[in-house]
Amino acid sequence: MQRIEVSKDVKEKICKAFECSRPTVWRALTYATDTPMARSIRRYAILSGGRVLQTVVIDPKEQTENK
């Protein structure tokens with residue numbers, strides 16, 4: 001899973017700049033949507049100091065021990 005983390009202030013600026021709602025910004029930043037507007041919102045967020053976070057799930061059954 002991937003998402004972009006930004007401050008509340010940046011989210012408010014995105015809402016104003018793109019004339020959209022907070023749920024629209026949330027869906028764009030969590031990659032729930034992939035529209036031209038969502039891609040523009042993500043670009044704006046990263047250029048405004050946003051951090052891209054990625055969750056990695058590791059299956060313990062697939063891990064091998066280093067011996």
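In this predicted model, R39 counts as partly exposed, at a relative accessibility of 36%, and its side chain forms a salt bridge with D34 in which the closest N and O atoms lie 3.1 Å apart. D34, for its part, counts as exposed, with a relative accessibility of 56%. D34 is also the partner of R42, the closest N and O atoms of that salt bridge being 2.9 Å apart. R42 has a relative accessible area of 6% and is therefore buried, the limit for this class being under 20%. The acidic side chain of D34 is thus shared by a partly exposed arginine, R39, and a buried one, R42.

A search of the whole structure finds 4 salt bridges. Apart from the pairs formed by D34, R3 forms a salt bridge with E5, for which the closest N and O atoms are separated by 3.8 Å. R3 is partly exposed, its relative accessible area being 38%, and E5 is likewise partly exposed, with a value of 30%. The pair does not stand alone, since R3, E5 and R51 are linked in a network of salt bridges. Side chains of opposite charge can pair when their charged atoms come close.

Helix α2, which spans residues 22–29, has V25, A28 and L29 as its buried residues. Seen down the axis of α2, these buried residues fall within an arc of 90°, so they line one face of the helix. The elements against which the buried residues of α2 pack are β1 (2–5), α1 (8–18) and α3 (36–47), so that contacts of this face involve one strand and two further helices. Just after α2, Y31 takes a positive phi of about 60°.

Y31 also belongs to a nonpolar patch on the surface, which is formed together with I46 and V52 and has about 240 Å² of accessible area in total. Of these residues, V52 has its place in strand β2, which comprises residues 51–54. V52 is partly exposed, with a relative accessible area of 44%, a value that lies between the limits of 20% and 50% that bound this class. The patch thus brings together Y31, which follows α2, and V52 of strand β2, with I46 as its remaining member.

Note on methods: Residues numbered from 1 in each chain as written. Predicted model: local features only at pLDDT ≥ 70, side-chain atom pairs only at ≥ 80, totals over all residues. Heavy atoms only, no water. Buried < 20%, exposed > 50% of the residue type's maximum accessible area, 1.4 Å probe, protein only. Helix = DSSP H or I, 4+ residues; strand = E, 2+ residues; numbered from the N terminus. Arc of directions from axis to C-beta. Contact = heavy atoms within 4.5 Å. Patch = residues over 30% accessible without salt bridge, like charges linked within 9 Å, V, L, I, M, F, W, Y side chains within 5 Å. Areas by Shrake-Rupley, 256 points an atom, 1.4 Å probe, with all protein chains shown as cover.
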